[in-house]
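Thanks for coming, everyone. Please take a look at the structure, and then I will talk you through a few parts of it.

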Amino acid sequence: MSGFEMLKAYDFSAVEERIYEWWEENGWFKPEVQPSTAKPYVISIPPANVTGELHQGHALFVALEDLMIRHARMNGRAALWVPGTDHAGIATQLQVERQIKQEEGIGREELGREEFVRRTWAWKNKYGSYITQQLRRLGASCDWDRERFTLDNGLSVAVREAFVRLFRLGLIYQAEYLVNWSPGLQTAVSDLEVTYSEEPGQLYFFNYPVVGGGQIPVATTRPETILGDTALAVHPDDERYREYVGKMAQVPAIGRHIPIITDDYVDMNFGTGALKVTPGHDPDDFDIGRRHNLEIVNIMNKDGTMSSAAGIYEGSDRFECREQLWRDMTEAGLTIKTEPYLVNVPRSQRGGEIIEPLVSKQWFVNAEPMAKMALAAVSSGRIKIVPERFTKVWENWLENIRPWCISRQLWWGHRIPVWYCNYCGSLTVAAQDPEHCQHCYGEDILQDPDVLDTWFSSALWPFSALGWPEVTPDLIRYYPTDVLETGYDILFFWVARMVMAAAMFTNDIPFHTVYLHGLVRDEKGRKMSKSTGNVVDPIEIMEKFGTDALRFTLLTGGTPGNDLNLSLDKVASNRNFSNKIWNITRFIVQNIAEFEDDEAPYSIESMPHTVADKWILNGLSALTENSNRLFANYQFGEAGRQIHDFLWNDFADWYVELAKIQIKQDQGAAARTLQLLVQVLDHCLRLLHPFIPFVTEETWQQLKEACQSSGYSWLDTSRWPEALIIAEWPEPVGKYPEESTSFERLRELVRGIRALRAEYRVEPSRYISAYIAAGEASSELETQRNVLAFLARLDKNNLHIQADLAPPDASVTISQGDLTAYLPLADLIDVDKERTRLSKELKSVEEQINRLTKLLGSEFTNKAPEQVVNREREKLARMQASQAELLQRLSVLK
Ligand SMILES: [Zn+2]
């Protein structure tokens, strides 16, 4: 008898941090934990913004990626999860700017660029690891020694190298182009940083005067842009305006002459059918302008005020100008009417101000050649997107790719490696800071003040984080990576650009699989937002229910690519799952401790497995095979649900219960049963580890210690490794289809008897008799007599199992295929009392039937409203059904 004991209850708060540190100290997050011949399995983490605070999106991606990494590690792969953070240009700059403003009352312009960047680095060094600390708390088994930051030295080298190569190939160029301009932040922003909201606005109708007589009615939602019109366009088939095509129109208020052109793009049925074209302030108009070689007039300054091109409106705010111009046009008799109209307003994700489409000089990447490669990578099947339906979205976007604006008017980020020569005016583009102009050797050169879009550095992430452009041992061994896991919302911004960049710079795909997850919504399916007040903080959940409970809920709550609703009830029930695992382990550990081996000699080898033993082993094999298939298809949620159900419903509720009587039989049986309990639990903990790493590791360690300290050779754990995190993924343990079917039949029978006991409210302490006609299965069932009696609480002395038997009087029947069980009612209830009760009930029902039948046969049916009559008819039908049931139940009692 050994003395090893477990605490009564599982206390996750005392376990999680300790275990995480222990794993990390032992180097088990490193791919080197496997032999150097092991095949690598690599995931690059989506770099979290350094300004970020942990939200459910982080929790979901960590849970998913950690699951894949742990699963691969247990399958003998050299698993490497490369962690990192993103410098998040605009977000970080704003954060630091705000802090300096608050503490010192000065803006960044007053500090100067160099000092501001220095301060931002100081901020990053102080707060930048908050987010990674929180990722650790989720159990992320990243190799933290390989952590990277998108602005660190190595990645800066990569960014410059990429820029220079693209520039040399002519794929990076400078151009005037329409960008999303944020007048408040004074920078171009990416499409991702713009959100569109439907807001009530106006549709303004007015007449465009035609030079030489006549007018064309036009409608717009932004009248101030009239000042920047450089054409009027109508559909070539539009009879209404045919006479004007080729003539000139006159821009209201400023009098410029602009051509009247035709273009198929114009919708004859929308508005008046005539379109004012403002290439400088609208993306669609910009395209029309290019087709017709129209002039671009920029009427707006970068701060959102009107420029000199706006004539007398110069200097006024964009929205004031709208009002004033409309008043002036009304006075001039040009306006027709205004109508309320729902406008799709582009707003800045940060601050909410209205974004202006504005033409400015920016750096662009011509992504077309790379897009072709990225398209081929997916259409050829070299890269697989999970779920597959996103392949269509991928193709649609890449086939219509637009130039990518990569310059940002910020200070925090990778500065553009371009220098302008003040002497000869040429550009010097170089990976290393140049001393002089490459063309005239003049030393008076000035670096471009802009920085690169943060996505430019993230596009290089899978290979730059492994050392590219240097050919490092890590790059050789761990690139290309395996799976890229992220939210479907950044499929283009990030995933597509990584595939394009990898094709360009590494002549390879960066990963073979893209796994996309959805959004985490609240339990009612609403998007979590601070303004709705429905944000569920992952840290709070982890503190209340434990990390495993949160992870299991996120992992089993959804399917790939679909949004999932996070319910706290579900988290609570998954916390109970951790407790269940603890309690099962504790039961086994206790029984190992209580096993007495000094009574008489016993031999475990000579003890055959029981039917129940073989049934649980057969289930375990099926579960393992299913899990393997589901993991291979990225159906992690379904795998988790199946393992959960097996452990709880089959193992805990049935096998562990049965084990209690097997253990009581004799020592050989007890030893064999304990050995099997340990085997099945160990197996299940391995399957569950990628989902819920903490509770599985902790209980596995307890189980292992109990086995070791017992000293029994049949509980040999010498082949178990030091920790579950590095244990091997289990193999199926054999198939026993016959025993399994036989036990399932028994289980159905027990369920049937239990249901009847519940229906008749039989006390659990009461053992009842049973007569079972089992046909051909009778001898087999006879061998399970003890098990059946124990599980169904049958009186062993009055349990009759025969091939065929006559039903006893007054009994209820359970019929299952060729097996029929009869339970004498006298055991279930007091027959006389029940008969009296049922008769009384029947009498009352029959009285009501008589009353209702009379009522419905009378004048009532013609006089009363139809509704009332119908209600009485329904009542009668219900009473008749009750009557039939009562009669049936009474007939059994005879
Ligand atoms: Zn020069």
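**One strand, then the whole**

Let's start with strand β24. From β24, Thr513, Tyr515 and His517 point one way, while Val514 and Leu516 point the other way, and all are buried. Why that pattern? In a regular strand, side chains alternate between the two faces of the sheet. A word of caution before I go on: this is a predicted model.

β24 covers residues 513–517. How many of its residues are buried? Five of five, so the strand is mostly covered, where buried means under 20% relative accessible area.

Now the neighbours. Which strands pair with β24? One is β16, residues 384–386. It pairs with β24 in the parallel sense, over three bridges. In β24, Tyr515 has Val386 standing opposite. The other partner to note is β23, residues 483–487. That pairing is parallel too, and it runs over five bridges. Here Leu484 stands opposite Val514 of β24. Recall that Tyr515 and Val514 point opposite ways from the strand.

Next, a helix. Find α23, residues 737–759. Arg751 lies in this helix. Is Arg751 buried or exposed? Neither: its relative accessibility is 37%, so Arg751 counts as partly exposed. Set that beside β24, where Tyr515 is buried. Now look for Ala792. In sequence, Arg751 and Ala792 are 41 residues apart. In space, their C-alpha atoms are 7.9 Å apart.

Let's zoom out. The protein has 29 helices and 30 strands. Its radius of gyration is 38 Å, and the globule rule gives 29 Å for 894 residues. The value is well over the rule, so the protein is more spread out than a compact globule. Along the principal axes, the C-alpha atoms fill a box of roughly 110 × 90 × 55 Å.

What share of the residues is buried? Of the 894, 54% count as buried. What about contacts? Take those between residues at least 6 apart in sequence: 77% of them join residues at least 24 apart.

Last, the surface and the charges. About 40600 Å² is exposed, and carbon and sulfur atoms supply 48% of that. There are 93 positive side chains and 125 negative ones. The centres of these two sets lie 4 Å apart.

To recap: β24 has five of five residues buried, Arg751 is partly exposed, and the protein as a whole is more spread out than a compact globule. Thank you.

Conventions:
Residues are numbered from 1 along each chain as its sequence is written. This is a predicted model: local features need pLDDT of at least 70, side-chain atom pairs count only at pLDDT 80 or more; totals for chains, interfaces and linings use all residues. Side-chain values use heavy atoms; hydrogens and water are left out. Helices (H or I, at least four residues) and strands (E, at least two) are DSSP runs, numbered from the N terminus. The radius of gyration is taken over C-alpha atoms; the globule rule is 2.2 Å times the number of residues to the power 0.38. Buried means under 20% relative accessible area, exposed over 50%, partly exposed in between (1.4 Å probe, protein chains only). Contact means heavy atoms within 4.5 Å. Accessible areas come from the Shrake-Rupley method with a 1.4 Å probe; for residues, only the protein chains shown count as cover. Lys and Arg count as positive and Asp and Glu as negative; His and the chain ends are not counted. The place of a charge is taken as NZ of Lys, CZ of Arg, CG of Asp or CD of Glu. Two strands pair if DSSP finds at least two bridges between them.
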